[in-house]
Amino acid sequence: MPRSRQPDLTRTALLQAARQVVQDQGAALSLDAVARAAGVSKGGLLHHFPSKDMLLQALALALVEQFKEELDAAYARECANHGQRPGAWLRAYITLTFEDSEKDMALHRALAPLTEQPTLMQALTDAQTFLLDQAEADGLPPGVAHAVRLACDGYWLAERSDQPRLSAVQAQHLREALTAWTR
């Protein structure tokens, strides 16, 4: 990639390259591999992300932002299809949770070891506080809202870790039960 006077575009390209390298090689990626994949020099990469940890943190935060955008789109579809009724945001959350997302499975698994880094975990926690606020603002009793969200989170984590997984039928039953709680 030739030198760019558009740092946001360069950062985006570097994050896309890092995403691909992490999916292929895991979180033990080399900065050289990311720079090569993005078509920039290692110095160019280090200008935007001074360390591997900063690059991986930016990648993790970009994933949260991508999820937020997908959730906003799912919420808009839910409201367009069924109106803006209580539980609409949680139904969108359920929809995203249970969508088959094999494309990002390897990426999330590769980033899992980073959860042992306190700085990254705090940044991710701060970036995801919107989940608590949105769940409570969805018009359902707070206990129900948090139970649905946390059940979705548990299902999502189990799918991306070495925990026992639900069969397709069991997952469908869970999805139906959670959706019923939001009606």
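## Helix packing in an all-helical predicted model

In helix 5, the buried residues are Ala 88, Trp 89, Leu 90, Arg 91, Ala 92, Tyr 93, Ile 94, Leu 96, Thr 97 and Phe 98. That is 10 of the 11 residues in this helix, which spans residues 88-98 and is mostly covered. The buried residues of helix 5 pack against helix 4, helix 8 (129-136), helix 9 (142-159) and helix 10.

**Overall picture**

This is a predicted model. The chain holds 10 helices and zero strands. Read from the N terminus, its elements run α-α-α-α-α-α-α-α-α-α. The C-alpha atoms fill a box of roughly 55 × 35 × 30 Å along the principal axes. Of the 183 residues, 39% count as buried. Among contacts with a separation of 6 or more, 70% come from residues 24 or more positions apart.

**Confidence**

Mean pLDDT for the chain is 88. A value of 70 or more is reached by 92% of its residues. Confidence is highest in helix 10 (residues 168-181), at a mean of 96. It is lowest in helix 6 (residues 102-111), at a mean of 68. Where pLDDT is low, the predicted coordinates should not be read in detail.

**Helix 1 against helix 4**

Helix 1 covers residues 7-25 and helix 4 covers residues 52-82. Their axes come within 10 Å and cross at roughly 95 degrees. The two helices are therefore roughly perpendicular to each other. On the helix 1 side, the contact is made by Arg 11, Leu 15, Ala 18, Arg 19 and Val 22. Helix 4 contributes Leu 55, Leu 56, Ala 58, Leu 59, Ala 62, Leu 63 and Gln 66. By class, the contact has nine nonpolar, one polar and two charged residues.

Leu 55 belongs to helix 4. It counts as buried because its relative accessibility is 0%. Beyond its neighbours within four places in sequence, Leu 55 is in contact with Leu 15, Ala 18, Leu 29, Leu 31, Val 34, Leu 45 and Phe 49. Of these partners, Leu 15 and Ala 18 are among the helix 1 residues that meet helix 4.

**Helices 7 and 8**

Helix 7 (residues 118-127) buries Leu 120, Ala 123 and Leu 124. These residues cover an arc of only 95 degrees around the axis, so they sit on the same side of helix 7. An α-helix has 3.6 residues a turn, so residues three or four places apart point the same way. The buried residues of helix 7 pack against helix 4.

In helix 8, Phe 130, Leu 131 and Ala 135 are buried. Seen down the axis, they fall within an arc of 130 degrees, so they line one face of helix 8. They pack against helix 4, helix 5, helix 7 and helix 9.

Helix 4 thus recurs as a packing partner. The buried residues of helix 5 pack against it, as do those of helix 7 and helix 8.

**Partly exposed positions**

Which of the two classes, buried or partly exposed, fits Gln 122? Gln 122 lies in helix 7. It is partly exposed, with a relative accessible area of 44%. Glu 65 lies in helix 4. At 40% relative accessibility, Glu 65 also counts as partly exposed.

**Pairs across the sequence**

The table sets sequence separation beside C-alpha to C-alpha distance for three pairs.

| Pair | Apart in sequence | Apart in space, C-alpha to C-alpha |
|---|---|---|
| Glu 65 and Ala 127 | 62 residues | 8.2 Å |
| Leu 55 and Gly 26 | 29 residues | 13 Å |
| Gln 122 and Ala 28 | 94 residues | 21 Å |

Glu 65 of helix 4 is thus 8.2 Å from Ala 127 in space. Gln 122 of helix 7 is 21 Å from Ala 28.

Terms used. Residues are numbered from 1 along each chain as its sequence is written. This is a predicted model: local features need pLDDT of at least 70, side-chain atom pairs count only at pLDDT 80 or more; totals for chains, interfaces and linings use all residues. Side-chain values use heavy atoms; hydrogens and water are left out. Axes are lines fitted to C-alpha atoms, for helices over the stretch in contact, and angles run from 0 to 180 degrees between N-to-C directions. Helices (H or I, at least four residues) and strands (E, at least two) are DSSP runs, numbered from the N terminus. Angles under 35 degrees count as roughly parallel, over 145 as roughly antiparallel, 65 to 115 as roughly perpendicular and the rest as oblique. Contact means heavy atoms within 4.5 Å. Ala, Val, Leu, Ile, Met, Phe, Trp, Tyr, Cys and Pro count as nonpolar, Asp, Glu, Lys and Arg as charged, and the others, Gly among them, as polar. pLDDT is the predictor's confidence in each residue, from 0 to 100. Buried means under 20% relative accessible area, exposed over 50%, partly exposed in between (1.4 Å probe, protein chains only). The arc is that of the directions from the helix axis to the C-beta atoms.
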